[in-house]
Amino acid sequence: MVGWLAQTCDGVLIWGRPYVLTMVALVAGLGYANFTAMTYLKVAGIYLLCAVVIAILIVKLVMRPDVSKFENFDDAAMREDLKKNPISKQGKIAIIGMVIILICYVLAYCSFLGGIADYFTNITIAASVTLVCALLCIISVDGKPVMDLNKAASKVPWSMIIFLGAIMFYAGAVGGDDYGISVCLQNLLGPVVARIPVMVAMIIGLVLASVITNFCSNTVAGVVVCSSFVPAIMAIPGVNQAQVLAFACGAIAICGTAICTLSACPTMGIVYSDIGLSYKGTAKYSVLMCACMIIVAIILIPIGSVLLAGNV
């Protein structure tokens, strides 16, 4: 359950990973210029809350694990152990650095602060992260830096960062007339989508997003579904644009719910490992979770269309 929710947060919370911001930029480039990360959270936040409830119900009603060890858990002993082995000075300083990054991110969205919000918006979150990391490499405790740059850099997945950076750079151009990508996708999918009910097309898109994201990158899944289905559905005469935008939000959130396979995401790769759980027998529960979340996304389309009416 922790693995499911951690990965779902990864595709919902706008401060979790560049993936969400990448997809928001992609959707905005498809014709929704007023679509922002905070707008996305209106729908995605409900999606996450539903995920928490559904995950608990699946564990409680379907898995029904043996919880006798938890019932006998000695809270006092754990507290005593934490007192004897408190978090290190390096750890405390690193936590302060993370808090500073979050504050800088939040300040960028506090429009009532005027110039302060504009400043943090202009420097972007990357500047805050870079500065904090640089300080952690300089600050020393007991003769050792809080962050070892060489060790930290060796663990960074540079190929994925370059890929995400390229996607973010070009995402806004996907909907541009100069490239014609959106027009091409509309011409390919438009005739097919036009022959079926709009809601059916959206359901097919959400199911496809869930399947693809469990076998490849959530960014790739999101780009494929949003850049294919959104333009095609938008081209249908008389379609409710707010409903299309709500569909896009649901697709983005679903593409972050990559929990069914060992290679679906780094989170599940850790959960199903020598330090985690055995993968055997768990797939059926993850598939059930994904199926429930597809239903949630479908239900959120009409709800989201009301919440997002002012963003089209």
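A disulfide is a pair of cysteine sulfur atoms within 2.5 Å. The structure above is a predicted model.

**Exercise 1. Cysteines**

Find how many disulfides the structure holds, and examine Cys226.

Solution.
Step 1. A search of the whole structure turns up zero disulfides.
Step 2. For Cys226, the nearest cysteine sulfur belongs to Cys255 and is 6.4 Å away. The cut-off is 2.5 Å, so Cys226 is in no disulfide.
Step 3. Cys226 has a relative accessible area of 1%, and buried means under 20%, so Cys226 is buried.
Step 4. Cys104 has a relative accessible area of 14%, so by the cut-off of 20% Cys104 is buried as well.

**Exercise 2. Helix 11**

Check whether the span of helix 11 agrees with its number of residues, then list its buried residues.

Solution.
Step 1. Helix 11 covers residues 198–213, which is 16 residues.
Step 2. The expected span is 1.5 Å times one less than the number of residues, which gives 22 Å for helix 11.
Step 3. The end C-alpha atoms of helix 11 are 23 Å apart, which agrees with the expected span.
Step 4. The buried residues of this helix are Ala201, Met202, Gly205, Leu206, Ala209, Ser210, Ile212 and Thr213.

**Exercise 3. A nonpolar patch**

Describe the nonpolar surface patch and place Val62 in it.

Solution.
Step 1. Val53, Leu57, Leu61, Val62 and Leu288 make a patch of about 410 Å².
Step 2. Helix 3 (residues 37–63) contributes the largest share, four residues.
Step 3. Val62 lies in helix 3.
Step 4. The relative accessible area of Val62 is 39%, between the cut-offs of 20% and 50%, so Val62 is partly exposed.

Note on methods:
Residues numbered from 1 in each chain as written. Predicted model: local features only at pLDDT ≥ 70, side-chain atom pairs only at ≥ 80, totals over all residues. Heavy atoms only, no water. Helix = DSSP H or I, 4+ residues; strand = E, 2+ residues; numbered from the N terminus. Buried < 20%, exposed > 50% of the residue type's maximum accessible area, 1.4 Å probe, protein only. Patch = residues over 30% accessible without salt bridge, like charges linked within 9 Å, V, L, I, M, F, W, Y side chains within 5 Å. Areas by Shrake-Rupley, 256 points an atom, 1.4 Å probe, with all protein chains shown as cover. Salt bridge = Lys/Arg side-chain N within 4 Å of Asp/Glu carboxyl O.
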